[in-house]
Amino acid sequence: MFVKKRVAVVGAGMTKFMRRAQETGKELAFEAVRQALDSCNMRIQDIESVALGTAPDAFDGVHMKGEYLLDGAGAYRKPYSRNFVGGGTGVFSPIHGWFHVASGLYDTCLVVAEEKMSSCLPHPQAAFLTIFDNMIERPLGPNLIWIFALEMQRYMHRHKIPKEQIAQVAVKNKRNALDHPSAQIAKAVTLQDILDSEVLAWPVQRLDISPVSDGACAIVLASEDVARQITDSPVWIDGVGWNLDTTYWTNRDLYFPRYVANAARMAYSMAGISNPRKQIDFAEPYDPFDYKELHHMEGLLLCRKGEAPKLTAEGVTERDGKLPICPSGGLLGVGNPIAAAGMMKICELFWQLRGEAGKRQVAGDPRTAVAQAWGDLMQIGTVVVMRS
Amino acid sequence: MGTALKEEDIERQKVLTVAYQPKAKYAWAAGIAIGRFLEGLKAGEILGTRCEHCGRVAVPPRIFCEWCFKSSDSWVKLPDTGIVNTFSISYITADTTRVKTPIIPAVIGIDSTTNAGFLHLIGEVKPEDVRIDMRVKAVWLDPSQRKGSITDIKYFTPLK
């Protein structure tokens with residue numbers, strides 16, 4: 001693959017993630033961008049292009065949300081575009097920005113991800129429903145949680161995974177999030193708390209799920225030569241990958257996310273990674289539900305199929321384990337403002353790889369990490385490999 | 001960093017909000033493939049399509065095979081039996097209202113297809129008795145009540 005310029009992340013910022021923000025989406029975006037620029041002493045005049053990611057207009061009830069967010073996203077009179085690939089948006093956004101710089105078109109690109117889900121009443125669930133097929137699925141009265149329950153059940157069945165092994169992911173991530181200053185639902189919970197929580201759609205229980213959130217994140221990208229003028233410690237985006245499986249989701253075996261594996265292989269190959277299990281120091285897979293972290297560890301080829309629950313039980317994926325998974329606290333602990341949640345993982349890689357993650361810092365001077373997001377009708381994987 | 005509000009801040013109108021309810025209505029064309037599928041359901045039949053290039057039999061039917069990217073205009077009448085590929089026991093409805101009697105959505109793999117199926121419901125069974133790989137059969141609405149909808153099948157029930 002021909003990449004004209006190596007791309008670095010040189011700055012990052014994020015708002016608090018919260019259930020209801022007083023700020024509008026524009027105001028949240030402004031906060032995140034301001035922080036990202038300040039973190040690398042850049043002015044908006046130094047930014048040549050802007051890439052924005054945000055989920056469906058229906059959450060906000062604002063049509064042309066990309067345009068609506070433009071001014072807060074720092075895109076006034078700049079080349080600007082918006083991407084949206086469902087839950088995969090957050091990790092696709094840095095890829096979207098990467099095109100701008102890797103192609104040689106621009107030396108700098110500001111990447112912004114924003115989500116304000118709380119405006120939709122009584123629950124954004126109503127807006128989610130329209131992802132189901134309008135002819136043959138919506139008449140059955142589906143609920144978004146169904147697709148997770150159906151996928152989770154298939155995954156558990158195929159590998160004979162007990163619910164307890166899945167719930168331990170929620171315990172770990174909510175605890176990790178206690179050290180994240182932006183976290184929405186960080187909490188020390190026990191395995192029993194998860195297992196005793198309300199059954200919504202078996203096997204999915206209340207505490208298996210990430211919350212409804214508002215928030216924004218931003219990063220600044222720069223080409224290699226420019227990045228070295230901005231900072232002594234750039235973090236490189238060395239591999240990007242994305243892949244979509246069929247929308248006919250009832251025609252696939254849901255136990256393994258093949259599209260995530262395809263996206264991971266693309267990103268690893270670009271980054272020169274031949275053995276991810278050995279060469280990845282820590283990972284931020286997408287964890288909107290606890291089983292998804294396990295599913296995605298397998299999709300990211302960080303372990304064998306069906307092995308992720310075992311590694312979790314053995315403590316391998318703890319922040320001080322051999323392969324820390326979601327040291328940020330993930331969506332289960334930090335929160336899930338869709339597009340911003342994926343970008344939170346990119347911010348975490350940036351801070352961790354610079355040794356700036358504070359109490360969350362992964363030991364052993366991590367050099368290579370992978371972040372991933374997932375979405376649409378259980379069909380997209382977006383993957384970014386970063387190196388210090 | 002952002003200012004978090006509490007639920008009661010909204011309820012007690014301690015913060016200003018502006019409300020709006022969209023009123024958009026749609027009349028979707030069912031399309032060539034799903035149109036015929038729905039006609040089939042009205043007649044009490046499950047129809048699939050076969051790709052003459054790769055031989056795959058798919059349901060829901062489509063006029064193209066996305067694997068081969070060729071037209072697949074060969075129609076197949078499928079049995080109304082299959083297996084439960086996966087299922088859930090749901091205590092929430094579409095708008096998250098809680099229900100005491102659970103709804104059991106499932107992906108039904110339809111017999112005589114190439115690992116293809118569709119979303120439907122399971123009925124006439126205790127939730128705790130539903131299993132993956134269980135054989136099931138469609139329970140149809142009375143012909144006079146059918147209207148060319150996925151709900152012309154009431155649900156699938158375990159084959160005795």
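**Exercise 1. Find which residue of S10(B) stands opposite Gly109(B), and follow the pairing outwards from there.**

Solution. This is a predicted model, so work from the backbone pairing in it.

Step 1. Opposite Gly109(B), in S10(B), stands Gly117(B).

Step 2. A second pair links the two strands: Ala106(B) faces His120(B) of S10(B).

Step 3. Put together, S9(B) and S10(B) are antiparallel partners with 5 bridges.

Step 4. Now look at the turn. The hairpin of S9(B) and S10(B) has 6 residues between the strands, and Ser112(B) there has a positive phi near 70°.

**Exercise 2. Place S9(B) in its sheet, and decide how many of its residues are buried.**

Solution. Start with the other neighbour of S9(B).

Step 1. S6(B) also pairs with S9(B), antiparallel and over 5 bridges. Val84(B) has Ile108(B) of S9(B) as its bridge partner.

Step 2. Read off the whole sheet: it is open, has 5 strands in the order S10-S9-S6-S11-S12 of chain B, and is paired antiparallel. S10 and S12 (153-158) of chain B are the edge strands, each pairing on one side only. On average, neighbouring strands are turned by 45° against each other, direction ignored.

Step 3. Sort the side chains. In a regular strand they alternate between the two faces of the sheet. From S9(B), Pro105(B), Val107(B) and Gly109(B) point one way, while Ala106(B), Ile108(B) and Ile110(B) point the other way.

Step 4. Apply the burial cut-off, 20 or more other C-beta atoms within 10 Å. By this test 6 of the 6 residues of S9(B) are buried, so the strand is largely enclosed by the rest of the structure.

**Exercise 3. Describe the side of chain B that touches chain A: which elements supply it, and what kinds of residue does it hold?**

Solution. Go from the totals to single contacts.

Step 1. Count: 40 residues of chain B are in contact with 41 residues of chain A.

Step 2. Assign: the elements of chain B giving two or more residues to this side are strands S6 (81-87), S7 (89-92), S9 (105-110) and S10 (117-121). S10(B) supplies the largest share, 5 residues.

Step 3. Classify: this side holds 25 nonpolar, 13 polar and 2 charged residues.

Step 4. Look for pairing between the chains. Strand S5 (residues 199-202) of chain A and S7(B) run antiparallel and are joined by 2 bridges. Ala201(A) has Ser90(B) as its bridge partner in S7(B).

Step 5. Add the helix: H6 (residues 144-159) of chain A lies across S6 and S9 of chain B, at about 100° to S6(B).

**Exercise 4. Locate the backbone features at Pro203(A), Pro60(B), Asp365(A) and Gln13(B).**

Solution. Take the prolines, then the positive phi values.

Step 1. The Trp202(A)-Pro203(A) peptide bond is cis, with omega near 10°. Pro203(A) sits in the loop between S5 and strand S6 (204-205) of chain A.

Step 2. Val59(B) and Pro60(B) are also joined by a cis peptide bond, with omega about 0°. Pro60(B) belongs to the loop between strands S2 (57-58) and S3 (64-65) of chain B.

Step 3. Asp365(A), not a glycine, has a positive phi near 50°. Its loop runs between helix H15 (338-353) and strand S10 (368-375) of chain A. With 10 other C-beta atoms within 10 Å, Asp365(A) is exposed.

Step 4. Gln13(B), again not a glycine, has a positive phi of about 55°. Gln13(B) lies between helices H1 (7-11) and H2 (32-42) of chain B, in the loop, and is exposed, with 9 other C-beta atoms within 10 Å.

Definitions and conventions: Residues are numbered from 1 along each chain as its sequence is written. Chains are lettered from A and ligands numbered from 1 in the order in which they are written. This is a predicted model: local features need pLDDT of at least 70, side-chain atom pairs count only at pLDDT 80 or more; totals for chains, interfaces and linings use all residues. Two residues are in contact if their C-beta atoms, placed from the backbone, lie within 7 Å. Helices (H or I, at least four residues) and strands (E, at least two) are DSSP runs, numbered from the N terminus. Ala, Val, Leu, Ile, Met, Phe, Trp, Tyr, Cys and Pro count as nonpolar, Asp, Glu, Lys and Arg as charged, and the others, Gly among them, as polar. Two strands pair if DSSP finds at least two bridges between them. Axes are lines fitted to C-alpha atoms, for helices over the stretch in contact, and angles run from 0 to 180 degrees between N-to-C directions. A residue is buried if 20 or more other C-beta atoms lie within 10 Å of its own, exposed if 12 or fewer, and partly exposed in between; C-beta atoms are placed from the backbone.
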